[in-house]
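Hi,

Here is the structure I promised to pass on. Have a look at it first, and my notes follow underneath.

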Protein chains: 2
Amino acid sequence: MLKEWMPGEIPEKREFEEQLDKNRNRLYDLQTKIKEHRLPVLVLFEGWAAAGKGSVIGKVIKNIDPRFFKVATMASPSEEELRKPFLYRYMKQIPEEGKFTFLDSGWMEQTTEEVLKKKLTEAEYEKRIESVRRFERQLTDNGYLVLKFFMHIDREEQDSRMKGLLEEEDTKWRVTKFDRWQNKHYGKCKKVFDRYMKDTNLPSSPWYIIDAGNRKWAELQVLDTMISSIEIAMQNRLHSSPLLQNVFPLVKMPKLAEVELQGKELNEEEYHHELKQLQKHLGELHNRLYRKRVPVIITYEGWDAAGKGGNIKRITGALDPRGYEVHPIASPEPHEKARHYLWRFWTRLPKDGHIAIFDRTWYGRVMVERLEGFCTENDWKRAYNEINEFEKELSDWGAVIIKFWVQIDKDTQLARFTERQNNPEKQWKITEEDWRNREKWDLYEDAVDEMLKKTSTSFAPWHILESVDKKYARIKALKIVIRELEKHI
Amino acid sequence: MLKEWMPGEIPEKREFEEQLDKNRNRLYDLQTKIKEHRLPVLVLFEGWAAAGKGSVIGKVIKNIDPRFFKVATMASPSEEELRKPFLYRYMKQIPEEGKFTFLDSGWMEQTTEEVLKKKLTEAEYEKRIESVRRFERQLTDNGYLVLKFFMHIDREEQDSRMKGLLEEEDTKWRVTKFDRWQNKHYGKCKKVFDRYMKDTNLPSSPWYIIDAGNRKWAELQVLDTMISSIEIAMQNRLHSSPLLQNVFPLVKMPKLAEVELQGKELNEEEYHHELKQLQKHLGELHNRLYRKRVPVIITYEGWDAAGKGGNIKRITGALDPRGYEVHPIASPEPHEKARHYLWRFWTRLPKDGHIAIFDRTWYGRVMVERLEGFCTENDWKRAYNEINEFEKELSDWGAVIIKFWVQIDKDTQLARFTERQNNPEKQWKITEEDWRNREKWDLYEDAVDEMLKKTSTSFAPWHILESVDKKYARIKALKIVIRELEKHI
């Protein structure tokens, strides 16, 4: 890419000013159109140190109402960010529908810097590229416009800009040691940049190289590309994307109808005896995984009134409160709905060494969102693969993922609903919606069967908790959690 | 890809038969929908020798009316095909809108075989991958559904199938020496396949790996993917694609209004003297490039009545008729219009050592098709890059590309139109359409200026022939052709 690239020709002064004016006005007009079309626009500025990323962002945003954009200057990852998956801090920044996020700079800089500092092996680099390609593809497949600019200046220009900055007390701090190193090893850096850009030059999120030798000219090039790309993206809001083949090893799951529920029960005595022992054991493991900095993600899905809440309580009862969090997941709030559906889960990931328990999860995409038509057919059909990719990312990061489906039969649900209805203290737990969902039991059952079949990967398999006897389910859950944690620490 | 891939699970017998039936019927129904939606579907079968590519194609096409598909079995390139660019024989096979082409096998097999036989260096491989990615992207950007299947069997299965074939006199011939070699070096081949698939796994044309251990099961997997992909592609017929940045070095061109036409003239004597000498020289060069097998592509665009025909005659007058062809390009015929707009030019490429002269060209896309609305705005805006990529492909193949714009002013055109109108022998040369086009002179001039600016690459620059005096233009053309040929041989 960078090797073959040739700068375009700067128009003559009058034409230049005309074009700049026209583009600035056009971007101003487009911001409301973007809003109408609910298009999220992620603009990534990468490039050489001192190439003027910040400066061009500053110019571009002058044409946009502050309500419609956000600028994120990504410094080196913070202590906390280093304890999350690589993509976490970028995913966090993605814009809402109808808005812009400008990133100065993004996942390219972090990756190429790690390569140059020899922090990534070849195999790790290849895995990183795969993550990046999946990440960008997931964004564009879900309707994001991802604009990637590389701000390019030559070695001499970079050197002279840095010298200029170093001369002034006020700007000196802006030139880092690594920036100087970059200039000294310009050719080597260029090679690494070039390879990265080639590796991530996707049809749906191509690279645009900006001749950044002249700041105003850089602005014009950026505006040009932004405008034409936005116009195209607005035409494509209803675009569907191919359903990719599953590339992850799957574990065979039974259909729900085949799950034997009878006889899976414990008496009070057995239950309390086992509970005490298992919780003690889990408490010890929690300390160990905290010291070893293993992140753990436990997820619960299941029928209404299946006993998820009580089950979770028996897990958390064993844990040090400083080391876990429970995330009850309801319908997405407006600011969550306005983003990629996985965003609200990415942003709730635990730090390493911590446990996050999700009471309902991202699987809503292929259950309630599918059945209630909250997303398109293409959306939920794509989601099996997107979710597997998401969990693979977590697993590669080192997370232990334990997914529970809490299973009861229709009669048991009816009995529990009725009991809730008749018990004043439990009435808050039962709503009209629960009854409506119950009517769709068969549709849900089909959806769950498909979900179990398509997302039970070897690195994040589903576990079924037979919960007609809640005690049985609780003990089983504890045993599985302990077994899985022991496997990993 | 191949490394991580795990086979899916074969459904049980009854479900299997049900799904197969359902899919066969669905594909049958889809063929008319594809016709209505004018969707071209290119289905590529790649994979291991003896994996059953032919057999699964045979099964799939049973559900399609023979008018709607074509099967192309790609043997090793023929003598003639080896004298064309790598992609030529594949481009030739792309389907019309509303139809299928099944390729057994495609550009993957040719590439990986060349890698395994050490016929491609690392640099050549990388260039090849770039060509393939561009080729597939151009197809999908232009509305093609490109389905890529890799038929996978393990080493033992392959060995036993080949042994089976070798035992029978009737099937023995189907196992080549290279097939046996492949089985012996299965691991090495798998690595090369895996890399190729990773390198070409684009979001818009992803790979699908088919578990081909069981033929009926392979059919079901292929049908499944074909159906879901076709359904998605039909929803996307009006999809626009991003405008990619030009990555090729451009040569600065003047605007037409800046081209000085006055004083560019020759008297009869000068003309005939030069013509004779230049034609003699060109004739000699033609022999040399024939021996050196250099392919030459000369293209003419220009205003109506600018003198293209006479100019071409002065070139061909110097050439051995066995070594050149003139292609007059009119409106596309239905079978041409039904394909990628570059298809009719790909199929007219010269063999190496030959000269092809195009009287009007692929630049119609950004002139008449643009101005008359024969394609969408996104189509013609994308075309500058697509054309540069096309010409780069030709240039990399070794072709000399010489592009002429034959320039006159509006008054000269009027004088020539009037003369044609008044001269009974020339009246056939002037039509109502010529007069209509003349009314759009200014729009055309803008389009030509943009075209010259955006497609004058260093490997295929434009040359302007000032043709108010046709003699001057002819001599200039001959000189440029001679100069360019001498540069390359």
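Before the aromatic part, one definition: rings of Phe, Tyr and Trp (for Trp, its six-membered ring) count as a pair if their centres lie within 6.5 Å, with planes under 30 degrees apart called stacked, over 60 edge-to-face, and the rest tilted. Please also keep in mind that this is a predicted model.

**Aromatic rings**

By that rule, the structure holds 54 aromatic pairs over all chains. One of them is A:Tyr300 with A:Phe404: the ring centres are 5.1 Å apart and the planes sit at 45 degrees, so this pair is tilted. A:Tyr300 belongs to strand β6 (residues 296–302) of chain A and A:Phe404 to strand β9 of chain A, so the pair ties together parts that are 104 residues apart in sequence. Are these two residues buried or exposed? A:Tyr300 has 0% relative accessibility and so counts as buried. A:Phe404, at 0% relative accessibility, counts as buried too.

There is also an aromatic cluster in chain A, formed by A:Phe345, A:Trp346, A:Phe358, A:Trp362, A:Tyr363, A:Phe390 and A:Trp462.

Charges turn up over rings as well. A:Lys117 has its charged end over the ring of A:Phe178, 4.6 Å from the centre of that ring. A:Arg365 lies over the face of A:Tyr341, and here the distance to the ring centre is 3.9 Å.

**Chain A as a whole**

Chain A has 21 helices and 10 strands. Its C-alpha atoms fill a box of roughly 85 × 45 × 40 Å along the principal axes. Of the 489 residues in chain A, 57% are buried. If you take the contacts in chain A with a separation of 6 or more, 82% of them are between residues 24 or more positions apart.

**A sheet in chain A**

The strands that hold A:Tyr300 and A:Phe404 both appear in an open sheet of five strands, which has the order β7-β8-β6-β9-β10 (chain A) and parallel pairing. Which strands stand at the edges? They are β7 (324–328) and β10 (462–466) of chain A; each has a single partner strand, so one side of each is left without a neighbour in the sheet. From one strand to the next, the twist averages 20 degrees.

If you want to follow one pairing by eye, try β9 (residues 400–407) of chain A, which runs parallel to β10(A) and is joined to it by five bridges. Across that pairing, A:Gln407 stands opposite A:Glu466 in β10(A).

**A residue to click on: A:His335**

A:His335 lies in helix α14 (residues 334–337) of chain A. With 33% relative accessibility, A:His335 counts as partly exposed. A:Pro95 is 240 residues away from A:His335 along the chain, yet their C-alpha atoms are separated by 9.7 Å. Apart from neighbours within four places in sequence, A:His335 is in contact with A:Glu96 and A:Trp343.

**How the two chains relate**

Chain B superposes on chain A (RMSD 0.0 Å) after a rotation of 180 degrees with 0.0 Å of shift along the axis. That is the relation of a two-fold axis. The same surface serves both copies, as 100% of the contact residues of chain B recur in chain A.

**A sheet in chain B**

In chain B, five strands form an open sheet in the order β2-β3-β1-β4-β5, again with parallel pairing. The edge strands are β2 (69–73) and β5 (207–211) of chain B, each with a single partner strand, so each has one side without a neighbour in the sheet. The twist here averages 20 degrees from strand to strand.

β2(B) pairs in the parallel sense with β3 (residues 100–104) of chain B over five bridges, and B:Val71 has B:Phe102 in β3(B) as its bridge partner.

Two helices to look for lie across this sheet. Helix α2 (residues 53–61) of chain B lies across β1 (41–47), β2, β3 and β4 (145–152) of chain B, at about 165 degrees to β3(B). Helix α10 (residues 215–235) of chain B lies across β1, β3, β4 and β5 of chain B, at about 165 degrees to β4(B).

B:Glu219 lies in helix α10 of chain B. Although it is a Glu, B:Glu219 has 0% relative accessibility and counts as buried. Leaving out neighbours within four places in sequence, B:Glu219 is in contact with B:Leu20, B:Arg24, B:Val56 and B:Lys59.

Cheers

Definitions and conventions. Residues numbered from 1 in each chain as written. Chains lettered and ligands numbered in written order. Predicted model: local features only at pLDDT ≥ 70, side-chain atom pairs only at ≥ 80, totals over all residues. Heavy atoms only, no water. Pairing = 2+ DSSP bridges. Helix = DSSP H or I, 4+ residues; strand = E, 2+ residues; numbered from the N terminus. Axes fitted to C-alpha atoms, helices over the stretch in contact; angles between N-to-C directions. Least-squares fit on C-alpha atoms with pLDDT ≥ 70 in both. Contact = heavy atoms within 4.5 Å. Buried < 20%, exposed > 50% of the residue type's maximum accessible area, 1.4 Å probe, protein only. Lys NZ or Arg CZ within 6 Å of the ring centre and 35° of its normal.
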